[in-house]
Amino acid sequence: MKLNLLSRGLTVILVFIFTTMLGLTSLAFEARADVNQMLGTSSYKLVDIGDASEDTNYFKKTTQSIDSFMDEKLALIEEIVGEGTVLLKNDGTLPLASGASVTALGKASTALVYGGSSGNAAIGNTGNSEINWTLKRGLESAGFSVNPTVWSYYESLGLDYKSDPLTEPDPAGIPVDDVTAYSDAAIVVLSRVSGEGNDAADGYYELTNTELSLVAKAEEISDKVVVIVNSPSALAVNALKNDSKVGAILQVGGLGARGTKALGSILSGAVNPSGKLTDIYAADSRSSAAYQMAGTAEYTNAADILAAADSVLGIGAGGTKYTVFSEGIYVGYKYYETRYEDTVLKEGNADGSAGTFKSSGSWNYGEEVDYSFGYGLSYTTFEQELVDLTVQDDVITAVVRVRNTGLVPGKDVVQLYVQSPYTAYDKENCVEKSAIQLVNFGKTALLQPNEEETLTLKMDTYNIASYDYKNAKAWILDDGTYYFAIGNGAHEALNNVLAAKGKTVSDGMTAEGDSSLVKTWDNSSFTTLTNPAFTENGFTTQNGLYHYNSDAEVTNRLGDADLNLLLGEGTVTYLTRSDWQGSWSSGIAAVAANQKMIDHITFLPVYEKGEPVGDTYQYGVEGAMNIMMARGKDYDDEIWEDLLDQLMVEEMIATVGKNFGAIDPILGISFPGTSDNDGVGSGPAVNYSSEYDQGSTAFSGIAKYSSVDPRMYPSETIQASTFNQELTYRTGEMLSEDCYYAGLTSLWGPGLDLHRHPYAGRNFEYYSEDSMMTYITGAQMVAGLQSNGVVAGPKHFAFNDQETDRYGFAVYVNEQAARENSLRAFEGAVAVGKAMNVMTSLNRIGPDWVGESDELQNDILRTEWGFMGYTITDNALEPYMCGRSIAFGNDKLMLLPGNNRDSELNKESLLNDVNLFAAVREACHRILYVFVNSKAVNGVSSSVQIVQTTPWWETALIDIDVIFGCLTALGIVGMLASGGKKDKEGK
Amino acid sequence: MSGILKNKRPGVFVNLIATAFALAALIAYSVAGQDSYGFVPAVDVLLGLGIVASLVFTWHDFFGFGPAVVMALFGAGFAVFLNSRFMYYSHQYYGIASDPITTAMIVTTVAFAGMIVFEIISAFMRWEGNR
């Protein structure tokens, strides 16, 4: 009897396992390409039917082995953090004495932020101290002794790096028994971390009372107190700046794998800090104009939108929400510095009360800002001389001589800024002008004391033009005097400009400027850049970036993103330097969507279905064309038509509307498929192939590289803080090499949205608040990444500067702000770096989802910027990211297993809609054009055929299903048999 | 009702607990499924069939097949649920979900787990006195 029940119980367990396994098998087969990417397997193989003598490795690894690669990668990470750490304050506390005994304080000392907190761009190897070095290990490698008691105390608390600042332990609990032996210095680590999907809560970037108590405790322990701000976003450190007992403040973002080693070297003086801030550090983290618009508001008639929404397509979880970039162009330092100049010049009601957070009276820069954009100290001193500045044709050339006037070697950053004239024309036509804006930057080599170096910086005048969306509807260069200045940050450069204008501290300046560091250019006539032609086309790694020419007219494209054009003038008040007081907004304006906006949000009348395909196009033609015949051919070469004719409709659909991070092979044309994934923020989000499994020389105790997560790079904010274009290019090259070991053909990145304010969740994987910084760094990164056959996919294009309601919320912005900030940030990577892939964002621009925006994807990206690659959506989780977006310039949908667009993208619907068919065919054209010229075709020649194979996991899953099916059947038979026996016994 | 439950052994009551969890899962999923990750009707259909089967076999455990038949339907429902919610759970794991964790999804998850566990336990127990 007991056996009977046991048999029945086991059979039921088998039934459960069997049904679940069938479900999982179905899921795995549906996501075949993604599973293959994860496991490093393939469902296809290449068969060479020729003589196989051709070298088909068109792109090759540059390193000899994964061990040597890993050594180079770790050294690069160390170099980035060494150059990207910013010294904000130093009264001589740093560097510390050699061999000093120190006490590390703060929960973050044992739980550092190495990257972001979530998403594929977060840092990997969490908790593996062999890979992600602890602070203690980094300090000890620099020769310091670290207080073991306090270290153990924090370790024993087990606090996670993501734990809220409010969980900082009460300093009263710190064991101080043997602290005297480790009192050469007290090192306080304060961290903040953010991630994908959410923005930080209000006040998160303010110091807590416990943190301030911790600093006070450190001051009791030692007379040398160093605070390390371990945060990719700007933290309000006003109290630390003003605390005379805090001797030094170091700012560093997500540290990456060996970041603490570099940090130790900086503390010891072996490395001289040379990083500069990529975001302004305000005294109150909530004081920017942009932060007043943080988050979203709901349309007052949201119910009407929901009622009109198509039940199939939907509008996205955030579809009834919107935000307004009322701050206009005044993001980050452009707000604070411009308002500062106007307070000095006493113009535009700049010293009014609106927007005051820390000022004791009227708005006061000195009280509102702690450290400006571009600011950073060194252990040595430098003297810079603006030797020459010319504007010839359309190229600005600045020559700057730098001399190390201190006692120790160091690197220095040259930052070139410009102030454009703010004219009566501008005021009349609502053209805003930042009082100072970054033009270009460069970094010296390591200069010995008294050694000097001369740097040359170049930039197109196009990049200092302003966008006039009201009158000229084009980029303009005002007539008048342009002030070019250098300085240690935007504020110092602006002070130099003000000095050149004859202003002093008596006029309200925070410090005297140096007019000798300013040169002027007088533009004698107003110029409209409707069709900008660039004298120099190309790209160099020596601080020279030039647009490639396109024949496109540049004019207004984004009228539907401006609420004043959609709903009438006065709906939104954009911040203007003509009236700071009157134009300051402290919240998102409440609006109701009109019918046009509702139509676009719900995407109902926008799409026009075409006639049946008929004979307009051919498909599935039996031919002998091979993808390799198109390699190196122009995009418009006629061979492409023959190749595309060979594609079957099912293959076309699979290419654009299947898989998350891969494209399936196309057997008929011998296209081998691709393997794509995130991300430049921290490194490839795919593990190294098991073919490299071996004892590691880079990490002790790690026997398998497949267990090492490649995501080891420091956060993008540190990469940008280096202000080193050559280093950024080399980082791109290293990431490219990483892709060879991780088996990727494309890397989605870099992230090029802006830090509109500190609270945006993904600031850690974006470079800066400044569009030119992002323009330059993005261009260098993409160029380095694509230098050896890997495809870069900058993201998230565009306006994805916040995470709140990211699935479908709308961004409303005027075209000047859109052009000069968010779009310019991407322009460098595309128009200069020649990115071959762009990932679009989840949000809307105006009422249109970006992936449906013909204006963004076709007019601006392709026509104006000359983009020759393909676009891919971000994770198309929600149905508003629809298949029909292909007809609006989107090329590929990113679809996770279980997610599809079969109802829109199927053979019947395509053959009955020539518009959609043509768009899908063109998308295939773009995708194939990109990858036939990439490392994706390594191993493929014109004599190679691709045949299907069954990877081991498919066989294993089928075997497991069969085994459990048989066992289940046996169990049922057993139950039947025992049931029959019981019946007989009963009878 | 007392006639139906006459001669019933503990197993059938454990099965009824599993069935109650299935009913909770069905209702909770109908609510939770209205989020961005979508609702797959097959889940509720299979759970509904499982509940009906459970009640039928509660009335009389034909050939002692009650647990196996009920588990086949509950298990299939669970498999389809897992398949359709793969993205939801992976997004929550990576912290990139478009929707927050809702009470309805927590109830759904707990209910599915309870349904499976109690159905398995019931299979190891007698359902009727004459068997």
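Trainee: Quick one: relative to each other, are helix 4 of chain B and helix 6 of chain B roughly parallel or roughly antiparallel?
Mentor: Roughly antiparallel (over 145 degrees), because their axes cross at roughly 160° and come within 10 Å. Axes are lines fitted to C-alpha atoms over the stretch in contact, with angles from 0 to 180 degrees between N-to-C directions. It's a predicted model, where local features need pLDDT of at least 70, side-chain atom pairs need 80 or more, and totals for chains, interfaces and linings use all residues. Residues count from 1 along each chain as written, with chains lettered from A and ligands numbered from 1 in written order.

Trainee: Which residues of helix 4 of chain B meet helix 6 of chain B?
Mentor: Among them are B:Phe74, B:Phe78 and B:Phe81, with B:Phe112, B:Met115 and B:Glu119 among those on the helix 6 side (C-beta atoms within 7 Å). The contact residues split into ten nonpolar, one polar and one charged.

Trainee: Switching to chain A, what's the strand order in the open sheet?
Mentor: The order is 2-7-6-5-3-4, six strands with mixed pairing (at least two DSSP bridges per pair). Strands are DSSP E runs of at least two residues, helices H or I runs of at least four.

Trainee: Which strands are at the edges?
Mentor: Strand 2 (86-90) and strand 4 (145-146) of chain A, each pairing on one side only. Strand 2 of chain A runs antiparallel to strand 7 of chain A, joined by four bridges, and A:Leu87 has A:Leu250 as its bridge partner.

Trainee: And which helix packs on that sheet?
Mentor: Helix 6 (residues 148-157) of chain A does, touching strand 3 and strand 4 of chain A. Its direction makes about 20° with that of strand 3 of chain A.

Technical notes
Angles under 35 degrees count as roughly parallel, over 145 as roughly antiparallel, 65 to 115 as roughly perpendicular and the rest as oblique. Two residues are in contact if their C-beta atoms, placed from the backbone, lie within 7 Å. Ala, Val, Leu, Ile, Met, Phe, Trp, Tyr, Cys and Pro count as nonpolar, Asp, Glu, Lys and Arg as charged, and the others, Gly among them, as polar.
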